[in-house]
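Visitor: I am new to this structure and would be grateful for a close look at one part of it. Please describe the last helix and its surroundings, with enough of the whole to place them.

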Amino acid sequence: MRLPLLPEKNSVSRSCVRRFNLDSDTAWLVLGAGLGLALIIEGLLPFLSPPAWRKVIAQVQQLNDGQIRFFGLCCILAGALLVAVLL
């Protein structure tokens with residue numbers, strides 16, 4: 001199965017592909033590997049310690065919407081910064 005090419009309009013992704021001399025298939029594989037790694041990391045706590053995971057979920061439920069949004073924003077900014085530094 002052949003994955004679609006990266007869009008021409010997205011200059012950031014195209015420049016990353018050119019910078020690392022990747023074809024579009026390799027770029028999609030790297031993106032998929034990154035997503036897979038994120039899922040592995042997300043699954044570690046519930047797999048290794050379900051009681052600790054339940055405790056974390058209970059603590060998150062105590063937070064108000066503003067606190068959760070701020071945490072989400074911090075995660076987005078940290079992820080964007082990491083991608084910018086690595087690419």
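Guide: A residue counts as buried when its relative accessible area is under 20%. By that cut-off, 8% of the 87 residues of the protein are buried in this predicted model. The accessible surface of the protein amounts to about 7,600 Å², and carbon and sulfur atoms account for 70% of that area. The protein contains four helices and zero strands, which follow one another along the sequence in the pattern α-α-α-α.

The helix in question is α4, residues 65-86. The helix α4 has 22 residues and spans 31 Å from its first C-alpha to its last, close to the 32 Å expected at 1.5 Å a residue. Helix α4 is hardly covered, since the number of buried residues among its 22 is zero.

At the N-terminal end of α4, Asn64 serves as a cap. A side-chain oxygen of Asn64 lies 3.1 Å from the backbone nitrogen of Gly66. Leu63 is also found here, in the loop between α3 and α4. With a relative accessibility of 37%, Leu63 counts as partly exposed.

Leu63 also belongs to a nonpolar surface patch of about 530 Å², which it forms together with Leu45, Trp53, Val56, Ile57, Val60 and Ile68. The largest share of this patch, four residues, is supplied by helix α3, residues 50-62.

The cysteines Cys74 and Cys75 deserve a separate word. A disulfide is a covalent bond between the sulfur atoms of two cysteines. The structure holds zero disulfides. The cysteine sulfur closest to that of Cys74 is in Cys75, at 7.0 Å, and this is too far for a bond because a disulfide requires sulfur atoms within 2.5 Å. Cys75 is accordingly in no disulfide, its nearest cysteine sulfur being that of Cys74, 7.0 Å away. Both residues fall between the limits for buried and exposed: Cys74 is partly exposed, with a relative accessible area of 34%, and Cys75 is partly exposed at 41%.

In summary, α4 is a helix of 22 residues that is capped by Asn64 and has zero buried residues.

Terms used:
Residues numbered from 1 in each chain as written. Predicted model: local features only at pLDDT ≥ 70, side-chain atom pairs only at ≥ 80, totals over all residues. Heavy atoms only, no water. Patch = residues over 30% accessible without salt bridge, like charges linked within 9 Å, V, L, I, M, F, W, Y side chains within 5 Å. Areas by Shrake-Rupley, 256 points an atom, 1.4 Å probe, with all protein chains shown as cover. Salt bridge = Lys/Arg side-chain N within 4 Å of Asp/Glu carboxyl O. Helix = DSSP H or I, 4+ residues; strand = E, 2+ residues; numbered from the N terminus. Buried < 20%, exposed > 50% of the residue type's maximum accessible area, 1.4 Å probe, protein only. Expected span 1.5 Å × (residues − 1). Polar contact = N/O pair within 3.5 Å; in protein donor to acceptor, adjacent residues only side chain to side chain.
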